[in-house]
Amino acid sequence: MLFDQKIIILDEELPSATLALTRLADSLQAAGQVNDQFKAALLTRERQFPTGLQTKTLGVALPHAAPEFVEHEQLGLLRLKRPVIFRQMGDNAEVAVQLVFILALKEPQQQLAMLQALMQFFQNEAAVQKLMTLTDQNDIITLLASLGIK
Amino acid sequence: MKTVMVVCGSGVATSTLVTAKIREFLTSQGISDQVKLLQGNIAEHLNDVAAYDAFVSTTVVPEELKDQVISGIPLLIGMAEEEVYQAILRKLALSE
């Protein structure tokens, strides 16, 4: 299961996109899910190919790095107390991001399935609303699993 | 045969999602047999944008190419999709 390390960080205040990414990458590394090069690769890739997206419901980011830095496949979620500015995929525009899903995946096919499930989730207003209010990690895992994000 | 190139950063993930959407649309219009859909990463195709009838990207392209490239982001997030489809049809000169 992609949330079995419970990398679900809720309502922290982080002042920048870089610090938000660092927080998630450090958590993945501390849990032994990615190697020590993952963080640098993630930050570089985000600069080169930004992953912010202004979706119908809210601003999100979907950072990921190349599979060679991933030891065990895992997802991580960061819900920010205050939105931070990411750059948007496709046009580099500024996006105020409140939810960050980090993808530490190995198989392209799986990455694809996960992206698709996440995109559907972001269009589901009720589900996003619910995710923004849940405070228990297990409830969040259950909600996401019910939407194929697991 | 008309050609559409769809690119993203890696050539693997978001471009696949967008390609699937475009294929669905072309099929719904009954013109999928007139269009060849191709997929790749942006770095490989920066120099051959003009080689395709339509060029769709989910990642940032250099300023000088912006006019020739259609953003695939609306298809990714499911907003204003119709505008992207119409832009592709115009490039393919298959509209109306």
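**Entry 1: a salt bridge in chain B**

I began with K66(B), which at a relative accessible area of 38% is partly exposed, a class that lies between buried (under 20% relative accessible area) and exposed (over 50%), computed with a 1.4 Å probe on protein chains only. The model I am reading is predicted, so I kept in mind that local features need pLDDT of at least 70 and side-chain atom pairs pLDDT 80 or more, while totals for chains, interfaces and linings use all residues. Residues are numbered from 1 along each chain as its sequence is written, chains are lettered from A and ligands numbered from 1 in the order in which they are written, and side-chain values use heavy atoms, without hydrogens and water.

I then looked up the partner of K66(B), and found a salt bridge with E63(B), with 3.1 Å between the closest N and O atoms; the term asks for a side-chain nitrogen of Lys or Arg within 4 Å of a carboxyl oxygen of Asp or Glu. E63(B) is exposed, at a relative accessible area of 58%.

**Entry 2: salt bridges in chain A**

Over all chains I noted seven salt bridges. One of them joins the side chains of R79(A) and D11(A), at 2.8 Å from N to O. This pair connects distant parts of the chain, since R79(A) sits in strand 4 (residues 74-87) and D11(A) in strand 1 (residues 8-12) of chain A, 68 residues apart; helices (H or I, at least four residues) and strands (E, at least two) are DSSP runs numbered from the N terminus. I wrote down the accessibility of each partner: R79(A) is buried at 2%, whereas D11(A) is partly exposed at 39%.

I also looked at E94(A) and R87(A), whose side chains form a salt bridge with an N to O distance of 3.7 Å. Here E94(A) is exposed, at 55% relative accessibility, and R87(A) is partly exposed, at 42%.

**Entry 3: T51(A)**

Where does T51(A) lie? I located T51(A) in the loop between helix 2 (38-48) and strand 2 (52-54) of chain A, and at 1% relative accessibility T51(A) is buried. Leaving out residues up to four places away in sequence, I listed the residues in contact with T51(A) (heavy atoms within 4.5 Å): E46(A), V60(A), A61(A), L62(A), P63(A), H64(A), R87(A) and M89(A). R87(A), already noted for its salt bridge with E94(A), is thus among the residues that T51(A) touches.

With E46(A), the side chain of T51(A) makes a polar contact of 2.8 Å, a term for a pair of N or O atoms within 3.5 Å, where within protein one must be able to donate a hydrogen and the other to accept it, and residues adjacent in sequence count only if both atoms are side-chain atoms.

**Entry 4: aromatic rings**

I found five aromatic pairs over all chains, pairing being defined for rings of Phe, Tyr and Trp (its six-membered ring) with centres within 6.5 Å, and with planes under 30 degrees apart called stacked, over 60 edge-to-face and the rest tilted. I looked up Y52(B) and F55(B), whose ring centres are 6.3 Å apart with planes at 45°, so this pair is tilted. Both Y52(B) and F55(B) are buried. In chain A, I noted one aromatic cluster formed by F101(A), F121(A) and F122(A).

**Entry 5: where chain B meets chain A**

The contact involves 16 residues of chain B and 18 residues of chain A. I recorded a buried area of about 1500 Å² between the two chains, 74% of it from carbon and sulfur atoms; this is the accessible area (1.4 Å probe) that two parts lose on being put together, summed over both. On the side of chain B, the residues losing the most area to chain A are L17(B), V60(B) and I77(B), which together account for 34% of what that side buries.

Helix 1 (14-28) and helix 3 (73-77) of chain B each contribute at least two residues to the side that touches chain A. By class, I counted that side of chain B as nine nonpolar, seven polar and no charged residues, with Ala, Val, Leu, Ile, Met, Phe, Trp, Tyr, Cys and Pro taken as nonpolar, Asp, Glu, Lys and Arg as charged, and the others, Gly among them, as polar. Across this interface I found zero salt bridges, and two residue pairs in polar contact, both at pLDDT 80 or more.

**Entry 6: positive phi**

Most residues other than glycine have a negative phi. I therefore looked up K6(A), partly exposed at 37%, which has a positive phi of about 50° although it is not a glycine, and which lies in the segment before strand 1 of chain A. N92(A), also not a glycine, has a positive phi of about 65°; I placed N92(A) in the loop between strand 4 and strand 5 (94-104) of chain A, partly exposed at a relative accessible area of 31%.
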